[in-house]
Amino acid sequence: MPKEEAKAARATDLIPLLPLRGVIVFPYMTVPLDVGRDRSVAALEDAMMNDRLILLAAQKQAKVNEPTPKEIHEVGTISEVKQLARYPDGTIRVLVEGIQRARIAEYVQVDPFYKVRVEPMEVSERMTKETEALMRSVLGYFESYVRVGKKIPTEVLASVQAIEDPGRLADDIAAHLPLRTEDKQKVLEAASPRLRLERLCAILLKEMEILELEKKINSRVRKQMERTQKEYYLREQMKAIQKELGERDDRSQEGEEYREKIAAAKLPKEVEERALREVERLEKMPPMAAEAVVVRTYLDWLLALPWTYKTQDRLDIEAAARVLDEDHYGLEKVKERILEFLAVRQLTSKLKGPILCFVGPPGVGKTSLGKSIARALDRKFVRFSLGGVRDEAEIRGHRRTYVGALPGKIIQAMRQAGSKNPVILLDEVDKMSYDFRGDPSSALLEVLDPEQNAAFGDHYIEIPFDLSDVMFITTANVLHAIPKPLADRMEIIAIPGYTEEEKVQIGLHFLVPKQIKENGLERYDIEFTEGAIRTIIRQYTREAGVRGLEREISSILRKIAKKVVSESAGADASRVVVDAADIEGYLGIPHYRYGVAESEDRVGVATGLAVTEVGGDILAIEVSVMRGTGKLTLTGKLGDVMKESAQAGFTYIRSRADELGIDPNFYQDRDVHIHVPEGAIPKDGPSAGIAMATALASALSGRPVRCDIAMTGEITLRGRILPVGGVKEKIVAAHRAGVFTVVLPGENRKDIEEVPKSVLDSMKLVFVDHMDEVLGVALQRREELCGGERSADDEDERALPAIVHDGPPAPVPNQIYYGSCQ
């Protein structure tokens with residue numbers, strides 16, 4: 001046994017442990033180590049105070065700063081500290097020499113450093129032919145590795161070839177190979193020299209395969225570099241030859257072409273200077289540079305934008321009015337606003353483009369109206385939708401540093417228009433979203449602000465672009481979904497929906513001719529009567545716009561087209577008149593019942609009015625009373641505000657039970673259920689307050705609600721009626737549903753001016769300020785319930801002329817009768 005091994009064997013009872021990070025120390029190997037951890041420093045100091053022996057074992061995870069016994073490999077190397085040097089920063093550099101493999105048998109001490117009991121692992125084997133063959137194989141592989149890899153000095157190969165001991169040979173080769181810590185640890189854990197050589201042989205084979213692959217990759221890369229250098233050299237030669245011959249190269253020619261385009265474009269001075277700088281950059285770049293493509297694309301965008309070109313506006317007001325009337329029926333407020341713009345443009349050329357916002361339900365013609373405005377002004381028209389846009393870069397563009405960067409939708413629209421003063425329609429402005437990439441509605445603030453959009457900054461263009469001559473038109477279905485700062489910058493024009501008469505005219509003069517053309521029936525004499533259009537509107541559509549009407553007309557024309565082309569139709573198919581009686585044959589059973597539901601007075605059923613995304617609509621509010629414990633149930637998917645209105649109405653009825661002829665104790669032994677049909681549709685808002693209170697009073701008193709009356713208004717606990725919004729839409733909805741008497745809050749008198757005259761002429765409006773007035777109008781009198789005779793005055797009261805109060809609330813003609821029938 002050598003002297004060092006004998007020394008180690010004598011000291012194997014207890015020995016300090018030094019965990020190593022990413023380093024494996026083999027026997028007969030001298031290694032310098034930097035030690036800085038407190039536990040490791042303490043272990044070194046203990047070794048120096050005794051016989052300088054210490055166990056070096058690798059950690060399983062090098063990132064762990066304070067490893068536990070389970071995080072340290074069991075097999076390490078007993079080593080001797082040869083030298084020790086301390087540095088000012090507290091770290092210690094030591095020179096250690098591996099002596100013998102050892103396995104940790106037991107951790108005897110944990111603090112302040114690890115002290116372990118170890119068991120030596122050296123196994124002595126006699127030399128056999130198989131061992132000698134393994135040694136020769138390992139030496140051959142190692143020699144090939146040194147020759148191919150060129151990472152290990154040849155002197156190392158010479159020293160290794162002189163080793164005769166198989167175990168020491170394996171350790172020495174493994175120590176010099178740039179292997180992973182796990183692979184070296186496997187060699188260290190092999191106690192048998194033969195097993196050690198077998199593992200090292202497998203590792204060397206794997207490393208040789210990796211080296212061959214590296215060699216192939218390096219050869220391929222080198223060839224590519226040589227080809228690139230050769231191409232560069234040849235290009236330089238071509239450049240020199242062209243210079244001698246007086247010819248220009250492609251880059252110079254491309255630069256000259258861009259300069260000619262810039263001169264012809266008559267760009268503003270700032271834009272021209274920026275474009276020329278980019279051309280100079282392009283000429284200095286290698287032709288195959290990736291940046292050259294970015295510069296070319298940028299120059300193409302600068303040259304394609306209409307920096308100065310404008311189209312001539314058509315300032316003839318009468319001609320513009322004719323164009324608007326040709327495309328749209330009604331919509332007088334919008335048409336008047338466009339004609340006002342033209343009138344001011346005739347007086348001054350400094351007028352900035354207006355920013356209009358059309359708010360209304362789907363199908364009322366907001367988008368097509370934008371096209372008509374562009375045609376009336378003789379301007380270019382561009383439309384893009386903002387629905388679902390959630391990235392600010394969609395508006396402002398991407399910076400050129402990003403791959404595939406492009407300008408935003410505004411600059412793209414300007415390029416598409418080709419003029420500086422187009423009409424740009426921003427559709428669905430109420431359906432934008434936002435996320436971590438930014439808020440597009442905030443980016444639109446600059447676009448839609450007349451004081452700021454004269455110098456709109458796009459991230460891609462990086463030069464201010466003048467949008468002050470653009471007429472921006474936005475569309476939305478609901479106003480509350482538009483952010484307040486954005487809505488403040490726009491002129492809001494409400495398009496609530498069409499009346500039945502307007503739909504009839506639109507159908508006859510616009511939709512029928514359009515669908516006849518689209519279905520290829522222009523050469524046939526096809527006619528829709530007014531009664532047919534009215535029947536479709538009443539029985540097959542229920543909408544604020546005319547999309548459904550257009551679909552039904554198209555469906556009829558498709559059936560006529562089939563009839564026309566069929567062989568059995570003969571010559572009679574060339575003349576087709578569609579009348580009201582023919583509609584059911586074309587479209588099938590009616591989808592809606594017009595005027596039937598309002599034909600009978602019912603107890604506990606009142607008709608309310610509401611505003612939805614598709615315009616105004618009627619609500620049938622039902623109340624049922626039954627024996628119970630005084631519970632109030634609300635159903636119909638009602639919102640919190642609507643539930644609170646029902647509670648307020650219930651409280652008001654309880655407070656006036658005696659005057660209404662209702663049992664004052666009804667809330668103790670009666671359950672009340674309020675339901676608004678179409679329960680799958682969410683409903684909310686205070687407008688149905690008086691309708692729910694009326695239905696409650698009817699159900700509890702047994703007096704039917706008049707079926708020919710619709711109502712809207714918010715109720716307070718004391719019975720006051722507060723004003724509501726959407727009066728125009730609600731009156732139009734009542735007119736569309738065949739209800740011609742509407743009860744409204746007194747403070748909504750001012751909103752009547754917005755109602756179309758054709759609707760207002762056929763309506764009876766009753767203005768009220770207190771719930772008692774509503775009940776006097778809506779509930780039948782007790783004389784009628786008792787079968788008493790009515791006078792002519794009663795018939796007049798039943799007719800309910802429009803009541804408009806001036807000043808304090810005036811008495812309602814048919815006051816509630818508080819008594820019993822004798």
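# Exercises on Burial, Charge and Aromatic Pairing

K335 counts as buried, at 6% relative accessibility. This value, like those that follow, was computed from a predicted model.

## Exercise 1. Overall composition

Task: State how many helices and strands the protein has, and what share of its residues counts as buried.

Solution. Step 1: the secondary structure consists of 29 helices and 22 strands. Step 2: the protein has 822 residues, and 48% of them count as buried. Step 3: the accessible surface comes to about 42,000 Å², and carbon and sulfur atoms contribute 50% of it. Step 4: when contacts between residues at least 6 apart in sequence are considered, 74% of them join residues at least 24 apart.

## Exercise 2. The salt bridge of K335

Task: Identify the salt-bridge partner of K335 and determine which parts of the chain the pair ties together.

Solution. Step 1: the whole protein contains 41 salt bridges, counted with a limit of 4 Å between nitrogen and carboxyl oxygen. Step 2: the partner of K335 is D325, and their closest N and O atoms are 2.9 Å apart. Step 3: K335 belongs to helix α12 (residues 332–347) and D325 to helix α11 (residues 317–327), so the pair ties together parts that are ten residues apart in sequence. Step 4: burial is assigned under 20% relative accessible area. K335, at 6%, is therefore buried, whereas D325, at 44%, is partly exposed.

## Exercise 3. Two further salt bridges and a network

Task: Describe the salt bridges R656–D772 and R670–D669, and list the residues of the salt-bridge network that includes R274.

Solution. Step 1: the side chains of R656 and D772 meet in a salt bridge with an N to O distance of 2.9 Å. Step 2: R656 is found in the loop between α22 and α23, while D772 is in helix α27 (residues 771–778), so this pair ties together parts that are 116 residues apart in sequence. Step 3: at 19% relative accessibility, R656 counts as buried, because the cut-off is under 20%. Step 4: in the salt bridge between R670 and D669, the closest N and O atoms are 3.8 Å apart. R670 is partly exposed at 27%, and D669 is partly exposed at 34%. Step 5: the network links R274, E278, R281, E291, R400 and E462 through salt bridges.

## Exercise 4. An aromatic cluster

Task: Determine how the rings of F650, F666 and Y667 are arranged.

Solution. Step 1: a pair of aromatic rings is described by the distance of the centres and the angle of the planes. Step 2: the protein has five aromatic pairs. In one of them, the ring centres of F650 and F666 are 5.9 Å apart with the planes at 75°, so the pair is edge-to-face. Step 3: F650 lies in helix α22 (residues 640–655) and F666 in helix α23 (residues 666–669), so the pair ties together parts that are 16 residues apart in sequence. Step 4: F666 also pairs edge-to-face with Y667, at 6.1 Å centre to centre and 85° between the planes. Step 5: F650, F666 and Y667 thus form one aromatic cluster. Within this cluster, F650 is buried at 9% relative accessible area and F666 is buried at 3%, whereas Y667 is partly exposed at 27%.

## Exercise 5. Nonpolar core and nonpolar patch

Task: Name the residues that touch the most other members of the largest nonpolar core, and the residues that make the nonpolar surface patch containing M225.

Solution. Step 1: in soluble globular proteins, nonpolar side chains tend to be buried together. Step 2: the largest nonpolar core has 53 residues, of which F142 and L177 touch the most other members. Step 3: leaving aside residues up to four places away in sequence, L177 touches F142, Y145, I152, K184, L200 and L204. Step 4: the surface patch, of about 270 Å², is made by I217, V221 and M225. Step 5: M225 lies in helix α7 (residues 193–245) and is partly exposed, with a relative accessible area of 48%.

## Exercise 6. The surroundings of D46

Task: Decide whether D46 is buried or exposed, and list its contacts.

Solution. Step 1: D46 lies in helix α2 (residues 38–49). Step 2: its relative accessible area is 16%, so D46 is buried. Step 3: apart from residues up to four places away in sequence, D46 touches P16, F113 and K115.

Technical notes: Residues are numbered from 1 along each chain as its sequence is written. This is a predicted model: local features need pLDDT of at least 70, side-chain atom pairs count only at pLDDT 80 or more; totals for chains, interfaces and linings use all residues. Side-chain values use heavy atoms; hydrogens and water are left out. Patches are made of residues with over 30% relative accessible area and no salt bridge: like charges are joined within 9 Å, nonpolar side chains (Val, Leu, Ile, Met, Phe, Trp, Tyr) within 5 Å. Accessible areas come from the Shrake-Rupley method with a 1.4 Å probe; for residues, only the protein chains shown count as cover. Helices (H or I, at least four residues) and strands (E, at least two) are DSSP runs, numbered from the N terminus. Buried means under 20% relative accessible area, exposed over 50%, partly exposed in between (1.4 Å probe, protein chains only). A nonpolar core is a set of buried Ala, Val, Leu, Ile, Met, Phe, Trp, Tyr and Cys residues joined through side-chain atoms within 4.5 Å. Contact means heavy atoms within 4.5 Å. Rings of Phe, Tyr and Trp (its six-membered ring) pair if their centres lie within 6.5 Å; planes under 30 degrees apart count as stacked, over 60 as edge-to-face and the rest as tilted.
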